[in-house]
Amino acid sequence: MIHDTIIQLLKEIIKDEKRILTDKVDLYSYSYDSSFGVYLPDVVVQPKETKEVAEMMKLANKYEIPVYPRGQGTSLSGGPLPVKGGIVFDLSKWDNKLVIDAEDMVAVVSPGVITADINNAAMEAGMIYPPDPSSSNVSTIGGNLAENSGGPRGLKYGVTKDYVIGLEVVTPEGEVIRTGGRTVKNVTGYDLTKLIVGSEGTLGIITEAILRLFPKPQATKTLMAVFDDIVDSGRAITNILSSGILPSKLEIMDNATINAVEAYEPLGLPIEAEALLLIELDGHPAAIEDEIIRVQQVCESSQASEVRVANTVEEANELWKARKLVSPAIVREKPTKISEDATIPRSKIPEMFKRLKEIREKYHIHLVVFGHAGDGNLHPNIIADQRDQEEMRRVEKAVEEIFEAAIELGGTLSGEHGIGTLKAPFMEMELGEIGLDMMKRIKESWDPKNVLNPGKIFPEPGQRLVLTNG
C-alpha cells in the first residue's frame, strides 16, 4: 500500500491533481485489461511529458514501488495488469505529437497516439504506416510498441518492430535515453531500439517514437477462396507463396468461424465450407491484375470449391467485413473469449489444424480458428463461460496443449499478443532454461530493483495458467 507521503510527492511532480487518481472507482477502471485477472493499483497517474515520467520513475525506484505502464488496456496477454499493486502510468492521454515528415518518410509520435490515426495521417501525405492490429482504432502506439503488435498486413510488411527506427525511453532508474534516430540504416552499437520494442514495459517507458512510413500502394485487389477441406486451404497458402506472389493479407476462417459470422450478420458466406481464405494483393495496378488471376488459378488447382474476385472497392469491403465481424460474432454463443496467437511455420499449418481439431474433441470445447494464415499466425479462440469452473479447467488444459503443439511444430507462443502474465508459465518450454536466464539477466541489469512491470514475462515459482478473474 502506497503511503500518503508518496501521493504528496507525486503531486509535486504532476501539478495538475486531476491527473492523479486515487478514488476506488477510478482504480478499478485500471485493474483489468482484455485478458484475465483483476489487480487493483494503489494510484494511477496520467503523465503528459517526459520530465514527469523521469521524475516519477526516480521516485518509484528510490522507494521500490512497482510501476505499470498502460495504454488503452486492449492487451490480450495481461501486459499492463498491476499484479503487485503500485502505480499505473496511464499514457493514453499523452497524444499531443503526431508529426508526418514526408521527406524523411517518418512519423514522430507521442505514446498515447491512436495507431490508426498514424496511418490516416500518413495516407494524407501519400504514405502508409503498415502495422494494423485489429485494435488499431482504439489501441495506442505505446501499447503496440510494448507488445510488438502485428496484424493482417504482417505477411508482406512485417510487425511493429520493423518500423521503429528511434525511441525516447525513460529507464527504470529515471534516466532519459534516445535510441536509434531518423535514419533507416543505423548500426552504431547494440540495437537497443529493437530490445525495447516488444519488452512489454519491463525495461523502459517509451515517451516518443520515430516510425518508418512506406509509399502508399497504388491499387489493391481482393479474392475469397472457399475450401471443403481445411488441409487443402493450407496447401493453397503454400502454393501461392511459392509461386512468387506475396499478398499484403492472407487470412483464414474455419467452419465454426464462418457459421458464427453468418449467424451474427448474414453476408452470404458458404456455411458448409470447412475453410475460406481472404487474400489481398497491393501494388501497381497492372501487376496485381496479372497476379490476382494467378492466385485464382493456384486456389482452383488446390481444390478450392469456389473462388470469388472482388471487382469493386465495395465488393472488397464486403468480403473483408466477414473477417472484421469475427470477434463480436464468436462471443454471442458464450461470453468469455480466450484469444491465442500461437504461430507456427507455414508448412505446419495443416498439421496444426489437425492438432487443434484433436484438442477440441478431447476437451469438448468450443474452439474456432481464424487469423493470419500467410505467416502462420493462427488465432485459435476458445469460447466459454467463465462462471462455469469445470469448463474453465478444461479450457486451461486445452490452452496448454495448444502451446505445446505450437512449440513441437517449431513455432512460438506468441506472434503478436505478447507474453504478459498468461504465457509466462510456458516461457522455459520455448526458450529453454539458459535462454530464459539470459533474458532475466538483461532485465536485472536494466532494472536491478525490479520496479518496472514486475510479474510479467518471467514466471514466478510454481506459476501456472489461470483463466479466472481472481
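Q: Which residues have the most contacts inside the largest nonpolar core?
A: In this predicted model, they are Leu223, Ile279, Cys299, Ile338, Met352, Ile382 and Leu467, in a core of 63 residues.

Q: And which helix gives the most to this core?
A: Helix H14, residues 389-408, with nine residues.

Q: Take Ile338, then. What is it in contact with, leaving aside neighbours within four places in sequence?
A: Ile338 is in contact with Phe36, Pro380, Asn381, Ile382, Ala384, Met392, Val395, Val399 and Leu467. Two of those names, Ile382 and Leu467, also appear among the residues with the most contacts inside the core.

Q: What other core lies apart from it?
A: One of 25 residues, and Ile2, Val43, Val45 and Phe89 are among them.

Q: OK, zooming out. How many helices and strands are there?
A: The chain comes to 15 helices and 18 strands.

Q: What's the radius of gyration, and how does it sit with a compact globule?
A: The chain has 23 Å, and a compact globule with 470 residues would have a value near 23 Å, so the two agree. Along the principal axes, the C-alpha trace spans about 70 × 60 × 40 Å.

Q: How much of the chain is buried?
A: Buried residues make up 57% of the 470.

Q: What about contacts between residues 24 or more positions apart?
A: Those account for 72% of the contacts with a separation of 6 or more.

Q: Surface next. How much area does the chain expose, and what share do carbon and sulfur supply?
A: About 20,100 Å² is exposed, with carbon and sulfur atoms supplying 49% of it.

Q: And how many positive and negative side chains?
A: There are 51 positive and 71 negative ones, and the centres of the two sets lie 2 Å apart.

Q: Switching to backbone stuff: what's up with phi of Met105?
A: Phi of Met105 is near 55°, a positive value in a residue other than glycine. Most residues other than glycine have a negative phi. Met105 lies in the loop between strand S5 (98-101) and strand S6 (106-109), and it counts as partly exposed at 30% relative accessibility.

Q: Where does Asn450 lie, and what is its phi?
A: Asn450 is in the segment after helix H15 (427-446), with phi near 55°, again a positive value. Asn450 is partly exposed too, with a relative accessible area of 39%.

Q: Last one: where is Asp26, and how far apart are Asp26 and Glu52?
A: Asp26 lies in helix H2, residues 24-29, and is partly exposed at 27%. Asp26 and Glu52 are 26 residues apart in sequence and 21 Å apart in space, C-alpha to C-alpha.

Conventions: Residues are numbered from 1 along each chain as its sequence is written. This is a predicted model: local features need pLDDT of at least 70, side-chain atom pairs count only at pLDDT 80 or more; totals for chains, interfaces and linings use all residues. Side-chain values use heavy atoms; hydrogens and water are left out. A nonpolar core is a set of buried Ala, Val, Leu, Ile, Met, Phe, Trp, Tyr and Cys residues joined through side-chain atoms within 4.5 Å. Buried means under 20% relative accessible area, exposed over 50%, partly exposed in between (1.4 Å probe, protein chains only). Helices (H or I, at least four residues) and strands (E, at least two) are DSSP runs, numbered from the N terminus. Contact means heavy atoms within 4.5 Å. The radius of gyration is taken over C-alpha atoms; the globule rule is 2.2 Å times the number of residues to the power 0.38. Accessible areas come from the Shrake-Rupley method with a 1.4 Å probe; for residues, only the protein chains shown count as cover. Lys and Arg count as positive and Asp and Glu as negative; His and the chain ends are not counted. The place of a charge is taken as NZ of Lys, CZ of Arg, CG of Asp or CD of Glu.
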